[in-house]
Amino acid sequence: APYGSVISPDEQISNIDDSSRTANQGTAIKLLNVSQIDKKYPFDGTPNWNLFRCFCQPHLRGTKPIEHSIRVLEKHPYSSQTFIPMGCPRQQPCYLVVVALEDCNTGRPDLTTLKAFLCKGNQAVTYGAGIWHAPMITLGDQEYIDFGVVIYEFHDPQAPEKDCQEQHYDSSIKVEIFQC
Ligand SMILES: NC(=O)N[C@@H](O)C(=O)O
């Protein structure tokens, strides 16, 4: 918050409260409502489940310090978007999330709110509807990381901006990286 939400099992299970449940005949812990699905439009039906295979860019492979320039931020004006990494090492930083709130006067990203978060292989993130974010940035030695993605989409070829709007930049901005 206020950019969206994180599903972080290690933290959430360690801070268990009375919202938790046992499940699977007592062999599982079930936490309720750990993320969100926003829709700012009367979509019909249910959100889409998409698959993203995100390839690690060569300069982000390995464990050297991250130096990465972001030239575009995007938003999905009417829907949140949740990325759930699949098959990643639990404790290893696997992807970088960069987010910004919207300047309500210009409708563009408010770069004073720009933040970056290192996310581990067992953390899922949800970008809130209308929250500006960088396209997925994957890290590590593997060639790619697969994500299950949940989002409401129009897929209207006459109005792609209803699903995704982009803001491009000619120069990059240094941003402090936080642990997710
Ligand atoms: N740029 C891009 O592909 N963004 C994705 O989040 C999408 O599904 O639109």
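Where is H155 found? That opens the set; a couple of ground rules come before the solution.

This is a predicted model, so local features need pLDDT of at least 70 and side-chain atom pairs count only at pLDDT 80 or more, while totals for chains, interfaces and linings use all residues. Residues are numbered from 1 along each chain as its sequence is written, and side-chain values use heavy atoms, with hydrogens and water left out.

**Exercise 1. Place H155 and describe its backbone, then do the same for Q25.**

Step 1. H155 sits in the loop between β12 (144–151) and β13 (165–168). Strands here are DSSP runs (E, at least two residues), numbered from the N terminus.

Step 2. Look at phi: for H155 the value is near 50°, which is positive in a residue other than glycine. As background, most residues other than glycine have a negative phi, and most peptide bonds are trans.

Step 3. Check the surface. H155 is exposed, with a relative accessible area of 55%. The scale goes like this: buried is under 20% relative accessible area, exposed is over 50%, and partly exposed is in between (1.4 Å probe, protein chains only).

Step 4. Now Q25, which lies in the loop between β2 (20–23) and β3 (28–31). Q25 has a positive phi of about 55° without being a glycine, and its relative accessible area of 79% makes it exposed.

**Exercise 2. Work out how β2 and β3 are arranged, and find the cis peptide bond.**

Step 1. β2 and β3 pair antiparallel, over four bridges. Pairing requires that DSSP finds at least two bridges between two strands.

Step 2. Pick a bridge: T22 is partnered by I29 in β3.

Step 3. The two strands form a hairpin with four residues between them, and N24 in the turn has a positive phi of about 50°.

Step 4. For the cis bond, go to the segment before β1 (4–7), where P2 is placed. The peptide bond from A1 to P2 is cis, with omega near 0°.

**Exercise 3. Describe the surroundings of strand β8.**

Step 1. Start with burial. Five of the six residues of β8 (residues 115–120) are buried, so the strand is largely enclosed by the rest of the structure.

Step 2. Find one partner: strand β7 (residues 93–100) runs antiparallel to β8, joined by six bridges. Here V97 stands opposite F117.

Step 3. Find another: β8 pairs with strand β14 (residues 177–179) in the parallel sense, over three bridges. F117 has F178 as its bridge partner in β14.

Step 4. Go back to β7 for L96. L96 is buried at 5% relative accessibility. Its C-alpha atom is 7.3 Å from that of L139, although the two are 43 residues apart along the chain.

Step 5. Follow the chain out of β8 to N122, in the loop between β8 and β9 (124–127). N122 is buried at 15% relative accessible area. Its side chain makes a polar contact of 3.3 Å with the side chain of D10. A polar contact is a pair of N or O atoms within 3.5 Å; within protein, one must be able to donate a hydrogen and the other to accept it, and residues adjacent in sequence count only if both atoms are side-chain atoms.

**Exercise 4. Count the disulfides and explain what C56 is doing.**

Step 1. Apply the rule: a disulfide is a pair of cysteine sulfur atoms within 2.5 Å. The count comes to zero.

Step 2. Take C56: the closest cysteine sulfur, in C94, is 8.4 Å from its own sulfur, too far for a bond. C56 is buried, at 6% relative accessibility.

Step 3. C119 is in no disulfide either; the nearest cysteine sulfur, in C180, is 3.3 Å away. C119 is buried at 0%.

**Exercise 5. Map the shell around the ligand.**

Step 1. List the residues with a heavy atom within 4 Å of the ligand: F52, E74, H76, Q81, C164 and E166.

Step 2. Sort them: two nonpolar, two polar and two charged. Ala, Val, Leu, Ile, Met, Phe, Trp, Tyr, Cys and Pro count as nonpolar, Asp, Glu, Lys and Arg as charged, and the others, Gly among them, as polar.

Step 3. Check the polar atoms. An N or O atom in the side chain of E74 is 2.8 Å from a ligand nitrogen. An oxygen atom of the ligand lies 3.3 Å from a polar side-chain atom of H76, and for Q81 such a distance to a ligand oxygen is 3.0 Å.

Step 4. Finish with cover: the protein covers 67% of the 270 Å² of accessible area that the ligand has on its own, by the Shrake-Rupley method with a 1.4 Å probe.
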